[in-house]
Amino acid sequence: MSLHGARVAALLAWVNSTKVCPDPLKDLSQLQDCSVFIRIIHKIHGSKEGESVLDQPLPERISFIHGFLQKHCRHKLAAENLVSAQKLLDGEELALAKVAVLLLYHTSMSCKNPGDWNEFDYKTQVELASILKFVLDNEECLNENLEPFLQKKAEQSSSSVSSSSFEEHSPLSPLPHKREVHFLELQRISCFPSTNLPSTPSSPMGDIMQTPQFQLRRLKEQLVFERENREELEVEMAENHKLVMEKDAQITMMQQRIDRLVKLNEKQAENQLEPKEMEELREKNESLVGRLHEAFRQCQDLKTEKAQMDRKINKLSEENGDLSFKLREIASNMVQLQRALNELSEEHNTAMAQSQEKQRQLEKELHAALQDKKCSEEKIEILQGKISLLEDQLAKLEECSTQEKGEVMGDVLKLEELKQEVSSLTAKGMRLEEEKQQLDSLVTSLQSSLSESHRARERLKRDLQARAAEGQA
């Protein structure tokens, strides 16, 4: 089954952004020799740990990459099954994509300054952020879920999920009964269309790396790294201590041998040994003394190194304790801020739904009032035309005889009724105008309330980001 095109393109864009290859890659097949992966690993650690591996055959390169993933990428037990060495050897694109995903995750977690994500376009950032979020959410079952996520069969559903994770909800869409505020949604601002509030451009990769879930995971990664570093130093110190003990034992044995030789020399001197035999004993004695001094010097060096190791381990222990305390404190603060932000988001979403329904109702009433007013004005114009016509006829009647006046008396009464009707309409129009002003006032008040709710969410979001940045520092 073919791979998810948008995710593959995003992974290639990230690989190209590392600038470890002279020409930009356009296809996963260009990663088959695994040299690009090894160069990325060099760049992550700032060392030349596996530089010599680049000159080795492909199986040795793959073995080096496997070792790195097992040691650094938190998926030690599943690394062998997650990325098959045989499939990498065959150049299978799915296996190459898996390695790129794990290196992207490790780079994002380990680098203090991961780079400027704004060099990627928004769509690429969305895909990269969705990959990071998937790995974070599926750490315990990554071996089962990563392949479907990277394959084309997941493209239809996952693309809609990723787009809904970053785009705003439609104001006309119904709200669920109870909605969990996910960490990506903390960065999204649901804005009512008619409020005309300014919107700021967002960076999906920057947003996901500022979320509590990512910051806590990064701190835990650092804590694990420090713990493993400390354990390695303790093992090294134990080996050095063992070596010191062995050297001490050797020194003791050599000292005993020297003592025996000295006594033997004294005894032989008493027995007046031949000069040749005395010379041989003297040379053996000097050789043993020299070896003793050399062993003593090595022992002193090892003791000095052991003392340095002890100081380094004590310092790491203190830093480890401080980091653990800071992690617990930041985690507690983030949980409280997350809970407050979830509550505010639920209140904001409920208020938005109510305000949308209220505004639709007010706009409907306002539209009806305006239509009623328009009809009344048109009717008034027609009646005023009739009144003008009847007034002209009445003026002519004043010049006619009494008999003629009697014949058109009905028109005069019709005229009086029209005047009363017009008066009743220019009054209804005034009432409609007052209602329109009241509706406009309600709409303005509603928009002001929504703006205040939006500002409260922004303040809480900035506070949460500041705490997360403090934890990262």
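## A walk through an all-helix predicted model

In the protein chain, among contacts between residues at least 6 apart in sequence, 77% join residues at least 24 apart; contact here means heavy atoms within 4.5 Å. This is a predicted model, in which local features need pLDDT of at least 70 and side-chain atom pairs count only at pLDDT 80 or more, while totals for chains, interfaces and linings use all residues. Residues are numbered from 1 along each chain as its sequence is written, and side-chain values use heavy atoms, with hydrogens and water left out.

The protein chain has 14 helices and zero strands. Helices (H or I, at least four residues) and strands (E, at least two) are DSSP runs, numbered from the N terminus. Of the 473 residues, 38% count as buried; buried means under 20% relative accessible area, exposed over 50%, and partly exposed in between, with a 1.4 Å probe and protein chains only.

Let's start with two helices and their lengths. The expected span of a helix is 1.5 Å times one less than its number of residues.

| Helix | Residues | Expected span | End C-alpha distance |
|---|---|---|---|
| α3 (residues 58-72) | 15 residues | 21 Å | 21 Å |
| α6 (residues 93-110) | 18 residues | 26 Å | 26 Å |

For α3, the expected and modelled values agree, and they agree for α6 as well. Helix α6 is mostly covered, with 16 of its 18 residues buried. In α3, the buried residues include R61, F64, H66 and H72. An α-helix has 3.6 residues a turn, so residues three or four places apart point the same way.

How do α6 and α7 pack, and at what angle? Their axes are 10 Å apart and the angle is about 85°. Axes are lines fitted to C-alpha atoms, for helices over the stretch in contact, and angles run from 0 to 180 degrees between N-to-C directions. That makes α6 roughly perpendicular to α7, a label for angles of 65 to 115 degrees, with under 35 counted as roughly parallel, over 145 as roughly antiparallel and the rest as oblique. On the α6 side, the contact is made by V101, L104, Y105, S108 and M109. Helix α7 brings L128, I131, L132, V135 and L136.

Now to the aromatic rings. A search of the whole structure finds two aromatic pairs. One of them is F134 with F149, which is stacked, at 3.9 Å centre to centre and 10° between the planes. Rings of Phe, Tyr and Trp (its six-membered ring) pair if their centres lie within 6.5 Å; planes under 30 degrees apart count as stacked, over 60 as edge-to-face and the rest as tilted. This pair links distant parts of the chain, 15 residues apart: F134 is in α7 (residues 122-137) and F149 in α8 (residues 142-150). Both F134 and F149 are buried. The charged end of R7 sits over the ring of F149, 3.9 Å from its centre. That description applies if NZ of Lys or CZ of Arg is within 6 Å of the ring centre and within 35 degrees of the ring normal.

Two residues in the loop between α1 and α2 are worth a look. K19 lies in this loop and has a positive phi of about 60° although it is not a glycine. C34 is found there too, with phi near 65°. Are K19 and C34 buried or exposed? K19 is exposed, with a relative accessible area of 62%, whereas C34 counts as buried at 0%.

Finally, I380 is in helix α12 (residues 275-397). I380 is buried, with a relative accessible area of 11%. I380 and S424 are 44 residues apart in sequence and 9.9 Å apart in space, C-alpha to C-alpha.
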